[in-house]
Amino acid sequence: MAIKSTIYKIDLQVSDMDRNYYQQHNLTIAKHPSETDERVMVRLIGFAMYANEALIFGKGLSDDEEPDLWQKDLTGAIELWMDVGLPTEKDIRKAAGRAKQVVVVLYGGRVADMWWTANSKALLKTNNLTVINLPETKELANIAERGFNISCTIQDGQIMVGHDGGTLDITPVILKEPSTY
């Protein structure tokens with residue numbers, strides 16, 4: 001018998017002063033059986049960084065043809081494709097051909113650094129790609145519960161995560177931004 005996904009119900013308050021975006025989101029996230037709490041929370045932080053009414057969670061680990069998060073326009077064209085973790089270069093190139101903007105959110109410390117070292121030369125050529133490293137995410141796993149409230153305040157590129165047990169700061173490192181030409 002297959003193990004089923006664990007469902008998380010999250011009330012997320014996003015205050016993104018960099019984009020002037022202030023919104024409450026009631027989210028349902030399915031945690032894949034092979035997924036860690038840390039990865040679920042990194043997906044949530046990815047959502048907060050690009051929060052939008054049209055941004056939704058994809059099947060991610062359950063389906064190779066869907067990202068962890070995506071946003072489509074009214075015609076069904078993919079505006080944003082976001083993968084969390086360490087996708088292959090081939091998968092990133094494929095996503096870049098399908099979506100207007102592709103974002104890869106890395107985490108895992110040294111492993112993420114090694115992935116970037118191995119893939120950066122090829123990925124720097126991808127015009128519509130953003131690569132972000134979240135170097136300090138282990139503490140996020142302690143916040144994850146089946147139902148919880150969380151707030152993300154984003155200012156000057158810094159993320160302050162508020163939860164019932166306190167706060168923690170995350171400093172995203174932008175490894176690659178989209179080309180402007």
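In the predicted model, D156 is found in the loop that links strand 8 and strand 9. The phi angle of D156 is near 55 degrees, a positive value in a residue that is not glycine. Most residues other than glycine have a negative phi. D156 is exposed, because its relative accessible area of 66% is over the 50% cut-off. A second residue of this kind is N20, which is not a glycine and has a positive phi of about 55 degrees. N20 is placed in the loop between strand 1 and strand 2. With a relative accessibility of 61%, N20 also counts as exposed.

The strands on either side of these loops belong to an open sheet. This sheet is built from 5 strands in the order 2-1-8-9-10, and its pairing is mixed. Its edges are formed by strand 2 (21-31) and strand 10 (166-170), each of which pairs on one side only. Direction ignored, neighbouring strands of this sheet are turned by 25 degrees against each other on average. Both senses of pairing can be followed in the sheet. Strand 1 (residues 6-16) runs parallel to strand 8 (residues 147-155), and 8 bridges connect the two. Within this pair, Q13 has S151 of strand 8 as its bridge partner. Strand 9 and strand 10, in contrast, are antiparallel and are joined by 5 bridges. Here G162 is found opposite T167 of strand 10. Strand 9 and strand 10 make up a hairpin, with 2 residues between them.

Strand 8 also holds F148. This residue is buried, because its relative accessible area of 8% is under the 20% cut-off. Leaving aside residues up to four places away in sequence, F148 is in contact with Y8, K9, I10, D11, M41, L44 and I143. One of these contacts, K9, is 139 residues away from F148 in sequence, yet their C-alpha atoms are 6.7 Å apart in space.

Helix 1 (residues 37-49) lies across strand 1, strand 2, strand 8, strand 9 (158-163) and strand 10. Its direction is at about 150 degrees to that of strand 2. Helix 1 also lies across strand 3, strand 4 (69-72), strand 5, strand 6 and strand 7, and runs at about 140 degrees to strand 6. Helix 2 (residues 89-98) packs on the sheet as well, where it touches strand 5, strand 6 and strand 7. The direction of helix 2 makes about 150 degrees with that of strand 6.

Strands 3 to 7 are part of an open sheet of 6 strands, arranged in the order 3-4-5-6-7-11 with mixed pairing. Strand 3 (55-57) and strand 11 (173-176) are the edge strands, and each pairs on one side only. The twist from one strand to the next averages 20 degrees. Strand 6 and strand 7 are a parallel pair with 6 bridges. In this pair, V103 is opposite T130 of strand 7.

A112 is located in helix 3 (residues 110-123). Its relative accessibility is 1%, so A112 counts as buried. Apart from residues up to four places away in sequence, A112 touches L86, L106, Y107 and N133. A112 and N133 are 21 residues apart along the chain, and a distance of 7.4 Å separates their C-alpha atoms.

The surface of the model was also searched for pockets. Rolling a probe the size of a water molecule over the atoms shows where empty space is left. The largest pocket has a volume of about 450 Å³. It is lined by 24 residues, and those closest to its centre are R19, M49, Y50, I132 and I174. Two or more lining residues come from each of strand 5 (78-84), strand 6 (99-107), strand 7 (129-134) and strand 9. By type, the lining consists of 10 nonpolar, 7 polar and 7 charged residues.

Terms used. Residues are numbered from 1 along each chain as its sequence is written. This is a predicted model: local features need pLDDT of at least 70, side-chain atom pairs count only at pLDDT 80 or more; totals for chains, interfaces and linings use all residues. Side-chain values use heavy atoms; hydrogens and water are left out. Helices (H or I, at least four residues) and strands (E, at least two) are DSSP runs, numbered from the N terminus. Buried means under 20% relative accessible area, exposed over 50%, partly exposed in between (1.4 Å probe, protein chains only). Contact means heavy atoms within 4.5 Å. Two strands pair if DSSP finds at least two bridges between them. Axes are lines fitted to C-alpha atoms, for helices over the stretch in contact, and angles run from 0 to 180 degrees between N-to-C directions. On a 1 Å grid over the protein atoms alone, a cavity is a set of points where a 1.4 Å probe fits but cannot get out, and a pocket is an open set with protein on both sides within 12 Å along at least five of seven lines; lining residues have an atom within 4 Å of a point. Grid points are joined across faces, edges and corners, and a volume is the space filled by probe spheres set on the points. Ala, Val, Leu, Ile, Met, Phe, Trp, Tyr, Cys and Pro count as nonpolar, Asp, Glu, Lys and Arg as charged, and the others, Gly among them, as polar.
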